[in-house]
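Please take a moment to look over the sequence and the structure below before reading on. The paragraphs that follow are meant to be read with both in view.

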Amino acid sequence: MKKAAAALCCAVFLITGCLSGCSTQKTALTVGEAEVRDEVYLYFLDQAARELIGSTDISDPPSASAPETAQESAAPVTAASQAAADEPDATAVSAAATSAASSTASAVSIADLYARADELCAEYVAVNSLFEAYDCTLPVSEKSAASVNTNDRWRLYGSYYEALGVSKQTLYKIEYNRVCRGAVLDALYGAQGSEPVPEDEVKKYYEDHYIVFRAISGYYTDIDEAGNTVPMSDQQRAETDAAFTAMADKLNAGTDMDDVYNEYLESLGNEDPHESVQVRVASASDPGYPAGFFDAVHALEQDVASVVRLDDYIYVIVRSDPYTGDSTYYEQNKDASLRAMKADDFDAVVRTCAEGFTVTPRESVRKRCLKKVRRQFENVVFE
């Protein structure tokens, strides 16, 4: 693979010239023959600063295609619990992301900052160049995903990026580059790739890192008269345990899960509920679930209802065969499984390609970009 990557990088150097812009007026770097414009450089300079400072990373907000949120995955079944689980306001999230007070480092080396930003920009160019070298294409669905993710990120953090000087159009370029990474990885390791990963290895990874299940969930917490979340009393906790154990028993006796869930909702005072318990798919790395959730569910016997208790959460869970539904869930997550299992190898290919580029900064533009980034971290000394 190293020889193949080295040979390909030679071809990449010939391609990078066509990635250049028409004007160097706002070029911050040249990477090989490609020009990196100021807004793209600003984005990566800001990301480099966050890495070195240890500040909140705003580069990966939730996307529309992301796994369920904590509210959905551990959704409470009482009105009081629902109030406690409301999603945070997007404005508050954005404000937290822009707060320099959250930084954990008080000083950053400008030389180190520039070096890391140069690396990130070189990798950005490397991905675009490899995409061209492998003659990759993106299906409409992947292009749409880049657009959706851009809209989601802009909704959450647009005010931050505007203050930094990064436009929504540039943010889309970053997202598009991320989608291109997946296409290049597939060209290397996919079924038709230069070094395809055997299907049985992909399936094994999927079986080890994904769970398919249905769950009824609740909390061991309540809301007091002042609106504060408080632990349940011992009596309430015992009643909750008994209710969830009874639901598991009914399920194992053959009662439909939707019927069991709606009976439980009625016992809580919900009038004539008609809820349906949906099939969920989660990976070992998915956010939105309490610590230990994946391991606990993965260890359950398939098609047997079990009560699972984790911190303040309680569930009745039925784990399904991961290939249930004519392998629908496997097919949906096959690409993600391949990309996760080959992520380290692919990163090494990208780094090898990036390290072969000569990076030349345009100092006047780079200094202007640094000035903008410094404004975002008022409590940090750049030296």
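**A guided walk through the model**

Arg 153 is a useful place to begin, because with a relative accessible area of 2% this residue counts as buried, the cut-off for that word being under 20%. The model is a predicted one, and in it Arg 153 is found in helix H7, which covers residues 140-164. The side chain of Arg 153 does not stand without a polar partner, for a polar contact of 2.5 Å joins it to the side chain of Glu 175.

From this buried residue we can turn to the nonpolar interior. The largest nonpolar core has 68 residues, and those with the most contacts inside it are Tyr 41, Leu 45, Tyr 161 and Phe 382. The element that gives the most to this core is helix H6, residues 110-133, with 13 residues. Apart from this core lies another one, of 16 residues, which includes Tyr 220, Ala 248, Met 257 and Ala 305.

Tyr 41 deserves a second look. If its neighbours within four places in sequence are left aside, Tyr 41 is in contact with Ala 28, Leu 29, Val 36, Tyr 114, Ala 117, Asp 118, Cys 121, Arg 366 and Cys 369.

The next feature to find is an open sheet of three strands, which follow the order S2-S1-S10 with antiparallel pairing. Strand S2 (34-37) and strand S10 (359-361) stand at the edges, and each has a single partner strand, so one side of each is left without a neighbour in the sheet. On average, and with direction ignored, neighbouring strands of this sheet are turned by 25° against each other. Within the sheet, strand S1, residues 27-31, pairs with S2 in the antiparallel sense over four bridges, and Thr 27 stands opposite Arg 37 in S2.

Two helices lie across these strands. Helix H2, residues 38-53, lies across S1 and S2 and runs at about 70° to S2, while H6, already met as the helix that gives the most to the largest core, lies across S1, S2 and S10 and runs at about 65° to S1.

A last stop takes us to a loop. Ser 233 has its place between strand S6 (229-231) and helix H10 (234-252), and this residue counts as partly exposed because its relative accessible area is 35%, a value between the limits of 20% and 50%. Ser 233 and Asp 222 are 11 residues apart in sequence, and from C-alpha to C-alpha they are 8.8 Å apart in space.

Note on methods:
Residues numbered from 1 in each chain as written. Predicted model: local features only at pLDDT ≥ 70, side-chain atom pairs only at ≥ 80, totals over all residues. Heavy atoms only, no water. Core = buried A, V, L, I, M, F, W, Y, C linked by side-chain atoms within 4.5 Å. Buried < 20%, exposed > 50% of the residue type's maximum accessible area, 1.4 Å probe, protein only. Contact = heavy atoms within 4.5 Å. Polar contact = N/O pair within 3.5 Å; in protein donor to acceptor, adjacent residues only side chain to side chain. Pairing = 2+ DSSP bridges. Axes fitted to C-alpha atoms, helices over the stretch in contact; angles between N-to-C directions.
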